[in-house]
Amino acid sequence: MNNQDTTAVLSPISGQAEETTTNSQPALKPMADGVRAAVIDTAKPATERKRSGRISEDKRFKIFCGSANRALSEEICRFVGVPLGESKLQRFADGEVYFQLLENVRGVDVFLVQPTCHPVDEHLMELLIMMDALKRASAGRITVVMPYYGYARQDRKDRPRVAITAKLVADLLSTAGANRALLVDLHAAQIQGFFNIPVDHLFASPVLVSYFRELELPDLTVVSPDAGGVERARFFARKLEVPLAIVDKRRTDMNVTEVMNVIGDVHGRTCLILDDIIDTAGTLVGTVEALIAQGAKKVYACASHPVLSGPAVERIANSRLEELVVTNTIPLREDALQVPKIKVLSIAGLLGRAIESIHMETSVSTLFN
């Protein structure tokens, strides 16, 4: 896993601002008494950048993190101007998680940063245990900051006798002690309704829009890879002042899709595919081939969450895609870092501003109007 930067984003749906985070990996440290520990030593905070005298000197405000994306957490702390909270996270030989706060949090407004990326269940369990520790330590308020919300794609009963796991995760977070949630680019915005606590939903679109606006790609058309992403793509196209196209696809099984046809004129144009998650990259590569078959000159792609599981990196590297632009909500795999056509943008600043706004109890959306 690698350290990455953070950027601010505006919601394509609500017009509100959203943020994402950077990644880092804890050092593995052998321990006595049969304990194998992934220890997060936060005693030495990263270099701070003081932004606001009020918040950087506020002893009732702290940021903690788990092991999923520490680099992002450190970057957020540098942006806000506070040290990363001191804690110890270990794993016993059988895989059980042990978490201890190394400083007082009684009455403190705590922000806990942890995307539930691969391994999803381990990082989710870490998050629940850390929140329980904060609750039992009498934290004044716990805001869970999830740059990537695992299980978001299981948000409805699309087949008989299946679980709605996105709702289950929301319930688990509330039960563990979360008083508020800060999320980035949910797979479906309606997931906010699964929570019985306040939710701030951020979007990475502004960061991505700024990048492609600077590229000044000729004859650009924004493409939604499915009907569910049309609203997101329409917002993107409107900001770039370019046409919109849609790919009609049919999902035949989990992680398996069959691209049917392209709705819109892409002949002789540069296409930009916009998605929220890239998992196995099967949909992405199939969409690239469908667009080129329809006469597209070049194809670019961007997404908020680079899950990149299974053969995704190999598929992207061997595809006719010009460039894939992602954010650092999830740490990139080592092999993905070696692929020149994969570029990472940071959303740490966006998350940092949202955290400041929540703590100061000011409007999140007005920060980006």
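1. In this predicted model, Asp 200 and Arg 180 are joined by a salt bridge, with the closest N and O atoms 2.9 Å apart. Asp 200 belongs to strand S11 (residues 199–202) and Arg 180 to strand S10 (residues 180–184), so the contact ties together parts that are 20 residues apart in sequence. The two partners may be read against their solvent exposure. Asp 200 has a relative accessibility of 12% and counts as buried, because the buried class covers values under 20%. Arg 180, with a relative accessible area of 21%, is partly exposed.

2. A further salt bridge is formed by Glu 289 and Arg 320, where the closest N and O atoms are 2.6 Å apart. This pair links distant parts of the chain, 31 residues apart. Glu 289 is located in helix H7 (residues 282–293), whereas Arg 320 is in the loop between helix H8 (312–318) and strand S17 (323–327). Both side chains should be described as partly exposed: the relative accessible area is 32% for Glu 289 and 48% for Arg 320. Arg 320 is not classed as exposed, because that class requires a value over 50%.

3. Salt bridges that share partners also deserve mention. Arg 91, Glu 122 and Glu 126 are joined in this way into one network.

4. Asp 155 and Arg 156 form a salt bridge as well, the closest N and O atoms being 2.8 Å apart. Asp 155 counts as buried, its relative accessibility being 14%.

5. The pairs discussed above should be placed in the context of the overall count. How many salt bridges does the structure hold? The total is 13, including the bridge between Asp 200 and Arg 180, the bridge between Glu 289 and Arg 320, and the bridge between Arg 156 and Asp 155.

6. With respect to cysteines, the structure holds zero disulfides. Cys 77 is therefore in no disulfide: the nearest cysteine sulfur, that of Cys 65, is 7.6 Å away, whereas a disulfide requires the sulfur atoms to lie within 2.5 Å.

7. A last point concerns the accessibility of individual cysteines. Is Cys 77 buried or exposed? Cys 77 counts as buried, at 3% relative accessibility. Cys 117 is likewise buried, with a relative accessible area of 2%. Both assignments follow from the cut-off, because buried means under 20% relative accessible area.

Technical notes
Residues numbered from 1 in each chain as written. Predicted model: local features only at pLDDT ≥ 70, side-chain atom pairs only at ≥ 80, totals over all residues. Heavy atoms only, no water. Salt bridge = Lys/Arg side-chain N within 4 Å of Asp/Glu carboxyl O. Buried < 20%, exposed > 50% of the residue type's maximum accessible area, 1.4 Å probe, protein only. Helix = DSSP H or I, 4+ residues; strand = E, 2+ residues; numbered from the N terminus.
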